[in-house]
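Hi everyone, thanks for coming. Today I'd like to talk about empty space: pockets and cavities, and what lines them. Let me put the structure up.

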Amino acid sequence: AELVRLETDTVRQMHVHDRLEFLRKKIVTLAHDLLQFDHFAIWLLEAETQRLELVMSTGLAEGAQDIQLFAAREGSGISGFVAATGRSYICHDASKDKRYIRGLDAPGSSLTTPLMMNDRVIGVFNVESSKVGAFSEDDRHFAEIFSRYVAMALHMLNLLVVERIATSETTTGRMADVLEEPLNDLVVEATWLKEQAATDPVMLRHVERIQRDIDAMRRRI
């Protein structure tokens, strides 16, 4: 429940990066306190390309975040397999599992669960351990429950991003409509002034600057 308690009014004011960091801190704390998971990564699935994008991680080996993964049964490790099938996966011994791709400097085992939203895979939650056989069926069960709430929290953040973009577009459109008439008037007046200042180089420079400022205002709006 804590994962989806996002204090909407506070979060709405944050930029995308700040929102993810806000959620990351919650996930890190809860994963450690509730599940004793200290090394994990969360990947989100890009629907068009089927590429898995790392959005947050903690305690992983340097370079692990640079791995290119896709939702595929073969060739993209355990995370790719879980994203493609929607089924969680326990790797009991990383040294003997062909699907395993290194996440720790001294890997032992891993647990990977899908992030599901409305029966659709939107990403994966991958936990690593340096111990062989570190994860049990109970760990799988609790990780699956945890993953549902991670998916809900990420979905809520996404909705807030969409809401903010839509609000900004509406506000900008209204402002552009309101300013269009006075800007057009300024163009007409500046054109008249330019004709009157044709024989005055100093005045002409001032009028041309006004015209450039009008163009700049249009672009910025």
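Let me start with the lining of the second largest pocket, where the residues divide into 9 nonpolar, no polar and 1 charged. Please keep in mind as we go that this is a predicted model.

Which residues are those? The second largest pocket is lined by Ala1, Glu2, Leu3, Leu30, Leu34, Leu35, Phe142, Ile145, Phe146 and Tyr149. Two elements, α2 and α4, each give two or more residues to this lining. Of these, α4 gives the most, with 4 residues. As for volume, the second largest pocket holds about 160 Å³ of space.

Now on to the largest pocket. How much space lies in it? The answer is about 500 Å³. Its lining is made up of 17 residues, and the ones that lie nearest the centre of the pocket are Leu44, Ile122, Leu154, His155 and Asn158. If you'd like to trace the walls on the screen, follow α2 (16-35), β1 (40-46), β2 (51-58), β6 (120-129) and α4 (137-196), the elements that give two or more residues to this lining. So which element has the largest share? Here it is α4, with 5 residues. You'll remember α4 from a moment ago, as the element that gives the most to the lining of the second largest pocket.

By class, the lining of the largest pocket has 11 nonpolar, 2 polar and 4 charged residues. Set that beside the second largest pocket, with its 9 nonpolar, no polar and 1 charged.

That leaves the enclosed space. A general word first: rolling a probe the size of a water molecule over the atoms shows where empty space is left. How many cavities of 30 Å³ or more does a search of the whole structure find? It finds 1. About 160 Å³ of space lies in this cavity.

Who lines it? There are 16 residues around the cavity, and Leu69, Ser79, Ile101, Asn126 and Glu128 lie nearest its centre. At least two lining residues each come from α3 (77-85), β5 (109-117) and β6. Among the elements, α3 gives the most to the cavity lining, with 3 residues. Notice β6 in particular, which supplies residues to this cavity and also to the lining of the largest pocket.

Finally, the classes: the cavity lining divides into 8 nonpolar, 6 polar and 2 charged residues.

That's my tour of the empty space. Thanks for listening, and I'm happy to go back to any part of it.

Note on methods. Residues numbered from 1 in each chain as written. Predicted model: local features only at pLDDT ≥ 70, side-chain atom pairs only at ≥ 80, totals over all residues. Heavy atoms only, no water. 1 Å grid on protein atoms, 1.4 Å probe; cavity = no way out; pocket = protein on both sides within 12 Å on 5 of 7 lines; lining within 4 Å. Points joined across faces, edges and corners; volume = space filled by probe spheres on them. Nonpolar A, V, L, I, M, F, W, Y, C, P; charged D, E, K, R; others polar.
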